[in-house]
Amino acid sequence: MLICQFVLWRKVLKLVLISCQGMCLSPVHWMNFSHSGNRKMLISVKISLTLSYPSNKKNLKAPIHVPVTSDKFLLLTKNHALPLPSPFNNKGNYVISLSELVRWLGVKAEELGVEIYPGFAASEVLYDVDDKVIGVATNDMGVAKDGTRKDNFQPGVELKGKVTLLAEGCRGSLSENVISKYNLRDKGQGQHQTYALGIKEVWEVSGDKHYPGLVLHTLGWPLDHKTYGGSFLYHMKDRQVAIGFVVALNYQNPFLNPYEEFQKFKHHPAIRNLLERGTVLQYGARTLNEGGYQSIPYPVFPGGAIIGCSAGFLNVPKIKGTHTAMKSGMVAAETAFGVLHEGFSMEAYWEKLINSWIWRELHAARNFRPAFEYGLIPGLVLSALEHYVMKGRSPWTLKHGKPDHEATKEARLCPRIEYPKPDGVLSFDVPTSLYRSNTNHDHDQPAHLRLRDPQIPELVNLPIYDGPESRYCPAHVYEYMPDEKGQLKLQINAQNCLHCKACDIKDPKQNIQWTVPEGGGGPGYSIM
Amino acid sequence: MKIMVAIKRVIDYAVKIRVKPDKSGVETNNVKMSMNPFCEIALEEALRIKESGLASEVIAVSMGPTQVVDTIRTGLAMGADRAIHVDYPGTLYPLSVAKILKALVEIEKPGLIFLGKQAIDDDCNQTGQMIAGLLKWPQGTFASKVVLDKEKQTAVVDREVDGGLETLCLDLPAVITADLRLNQPRYATLPNIMKAKSKVIKKLTPEDLKVEIKSDIEVVKVTEPPKRKAGVLVSSVDELIDKLKNEARVV
């Protein structure tokens, strides 16, 4: 994730920004941020943008054009759709493509003098002798699959700074290392982070079915009552519709396949009508934070801070995180400016955060997601209570359940789920979808998905959980294939990776470690 | 000796392209663009020749609207010494590109012009050949190996042709177009990208070069290829023959 556009502050900060995930490369205007953005398109970013450009928001020509016109909410069963009062109030918000907005912000940042270097992956945090963070290092480029140096080998580069801000998005690889090194979870709000996997497609639909500004969310089918998740459907401009499905990663049945649930969902009578005769333009997936208030780590470490979704400021009941992420970046920028010029301490970032509207908002939203630990109906009832009666002022704070990777039950205790074959019109197989994500990695490089213990997949994942990674990965990176002796062995197709981080989160023994691939590789989102 | 390398900004090779709804062309709005892969290979070869001491300077040239500057910066970051941007907002077909290059050659007087064998957007495979014709210079196209001889002022070029490999000896100055196996282009490193920001890009227009852009070609319509139909399983040889004869009509 880029250390971002949030520093568009009038006192120009000279910051060097590099991409911490193997992202699409030059031209320099080209930045694809596959962070929480693939879901967070319905944004109240106007607040944050207004704060960063107070005087001239109208002249900015930001790609924010389609105001929300209606907010619908449906509870789905297999064949029916029950309209419910919408818990959302998106009036005044806009439907946008976050990819487009971020590209635009990048241009603005460069005009202000910020240097941005996409196509380089930060693979290591640099520390000095006192264990203070002094910068990051990019990984070597031109390393072959077997680890040897190719002809075009280039060693990584160290980038040092007085302040390092990590903005890698949800479950950032460097951020997680830093959080565990400095024990930031315990120092923060205390709870572990919980996650969901969002899978999304952008469709071009027929003009007669397109209603720019229409916003729809659904709950229920095809997920069961024990699995939290739902869909979103936002009508953008140019006959484009963003449709996606989110599944909380604390699901219990290892046979669950979030991608297939999404494909199934599109066949629902209330949804299929819109998509018939349409074409899919792009596909993508990304995990997002659902821990909210209870899971925010202490975001300051010696030498810098963690901002945005790497810390986790997503407002779950609102299903929005870009506005709080941007605000956290702005607050960090102000603090960093103070550190560089006025001798402040970075700890002031925490103080400013807890005194900002982010805190008030997340505090009011804190009990919605944990309520669903008790099931769909109790969750809806408790949420309604929170929303209409307590209005966020409950005296209690509900706790999260088990960490996502511990929530998976053993395969022998769970019913197999058979998914229907894709029909090629509404639903598709993974390779077709993957092609639409424009994901690409140089094939001749070491796999960036590392196994801490290479034996665990065959000793634990396969026999006990039936290889859940072959089901939850939305890119079919993980496949169990028979070897020459007929034994099933895990094959990692790292080239397919969409950088969603689901495997890093959901692997039962936390054996899979997502690390950055060679810079420049990854999905190519342009209208997501 | 100077080497001039012509580079083109095209849709990135990994992007899934689609045709615009009005069928006037391929959608380039909100699409990732990069340097044409064959142009990268051409530039890499020019840089290697310079690094071996056989050339003094590598000049990267590109033509098109302002955004083309991004691709030029990548070329500078790879190691080109300086660059020229010929600013033209519309589409440039190979003959126009060749005419502009000819005008630039008359100013810069390079000993060698390197181009990619073709661009991956139009697949024309014409510009190198046309500039050689306009300048009346020898050409070595589809090069998979280039060896320069400074003494004799020649270039020995292995060409990938349909029948195998053909080796030509060209007198310099010459035009060479790069094929895939010529080399593996280097990465533009972060320090070089930073340095490239301060390298000079000279901006010119076709008017400055006294080149009139008129096209003899007009794109009338662009359509997607027809969708591949699913295969059919036949149950017997007779059925196969029947289908080949009566349906496919190839027997």
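This is a step-by-step tour of a predicted model with chains A and B, with something to select at each stop.

**Stop 1: chain A as a whole**

Start by colouring chain A by secondary structure. You should find 15 helices and 24 strands in chain A. Next, switch on its surface: chain A exposes about 20400 Å², and carbon and sulfur atoms supply 53% of that area. Much of the chain is hidden from view, since 63% of the 528 residues of chain A count as buried. Now think about the contacts between residues with a separation of 6 or more: in chain A, 76% of them link residues 24 or more positions apart.

**Stop 2: the cores of nonpolar residues**

A general idea helps here: in soluble globular proteins, nonpolar side chains tend to be buried together. Which residues touch the most other members of the largest nonpolar core? Select Ile243(A), Leu449(A) and Tyr478(A), which hold that place in a core of 82 residues. Then highlight strand S17 of chain A, residues 240–248, which gives this core its largest share, seven residues.

Stay with Leu449(A) and show what surrounds it. Leaving aside neighbours within four places in sequence, Leu449(A) is in contact with Val477(A), Tyr478(A), Ile492(A), Ala494(A), Cys497(A), Cys503(A), Gln513(A) and Trp514(A). Keep the two cysteines on that list in mind for a later stop.

There is also a second, separate core, made of 41 residues. To find it, select Val136(A), Leu165(A), Ala336(A) and Trp359(A), which are among its members.

**Stop 3: an annotated domain**

Select residues 424–526 of chain A. An unreviewed UniProt entry places the feature "domain: ETF-QO/FixX C-terminal" on this span. The C-alpha atoms at the two ends of residues 424–526 of chain A lie 23 Å apart, and the span is 24% helix and 16% strand.

**Stop 4: cysteines without partners**

How many disulfides does a search of the whole structure find? The count is zero over all chains. Two cysteines of chain A show why a given pair is not bonded. Select Cys497(A), whose closest cysteine sulfur belongs to Cys503(A): the distance is 6.3 Å, too far for a bond. For comparison, a disulfide needs the two sulfur atoms within 2.5 Å. Cys497(A) is buried, with a relative accessible area of 6%.

Now jump to Cys170(A). Its sulfur is 6.6 Å from the closest cysteine sulfur, in Cys309(A), so this pair is too far apart for a bond as well. Cys170(A) is buried too, at a relative accessible area of 0%.

**Stop 5: two backbone details in chain A**

Zoom in on the loop between strand S15 (214–220) and strand S16 (229–235) of chain A, where Pro222(A) is found. The peptide bond from Trp221(A) to Pro222(A) is cis, with omega near 10°.

Then move to the loop between strand S8 (122–127) and strand S9 (133–138) of chain A, home of Asp131(A). Asp131(A) has a positive phi of about 65° although it is not a glycine. At 38% relative accessibility, Asp131(A) counts as partly exposed.

**Stop 6: chain B and its helix H3**

Switch to chain B, which has six helices and eleven strands. Its C-alpha trace spans about 70 × 40 × 40 Å along its principal axes. Of the 251 residues in chain B, 46% are buried.

Select helix H3 of chain B, residues 94–108. Its 15 residues reach 20 Å from the first C-alpha to the last, close to the expected 21 Å. The buried residues of H3(B) include Val97(B), Ile100(B), Leu101(B) and Leu104(B). What do the buried residues of H3(B) pack against? Their partners include strand S1 (2–6), strand S4 (57–64) and helix H4 (127–135) of chain B. Step just past H3(B) to find Lys109(B), with a positive phi of about 50°.

**Stop 7: two loops in chain B**

Select Pro173(B), in the loop between strand S9 (164–171) and strand S10 (174–178) of chain B. A cis peptide bond joins Leu172(B) and Pro173(B), with omega about 0°.

Finish at Lys210(B), in the loop between S11 and helix H6 (237–247) of chain B. Is Lys210(B) buried or exposed? At 74% relative accessibility, Lys210(B) counts as exposed. Lys210(B) is not a glycine, but it has a positive phi of about 60°.

How values were computed. Residues numbered from 1 in each chain as written. Chains lettered and ligands numbered in written order. Predicted model: local features only at pLDDT ≥ 70, side-chain atom pairs only at ≥ 80, totals over all residues. Heavy atoms only, no water. Core = buried A, V, L, I, M, F, W, Y, C linked by side-chain atoms within 4.5 Å. Buried < 20%, exposed > 50% of the residue type's maximum accessible area, 1.4 Å probe, protein only. Helix = DSSP H or I, 4+ residues; strand = E, 2+ residues; numbered from the N terminus. Contact = heavy atoms within 4.5 Å. UniProt positions renumbered as here; feature names shortened; annotations may be inferred. Expected span 1.5 Å × (residues − 1). Areas by Shrake-Rupley, 256 points an atom, 1.4 Å probe, with all protein chains shown as cover.
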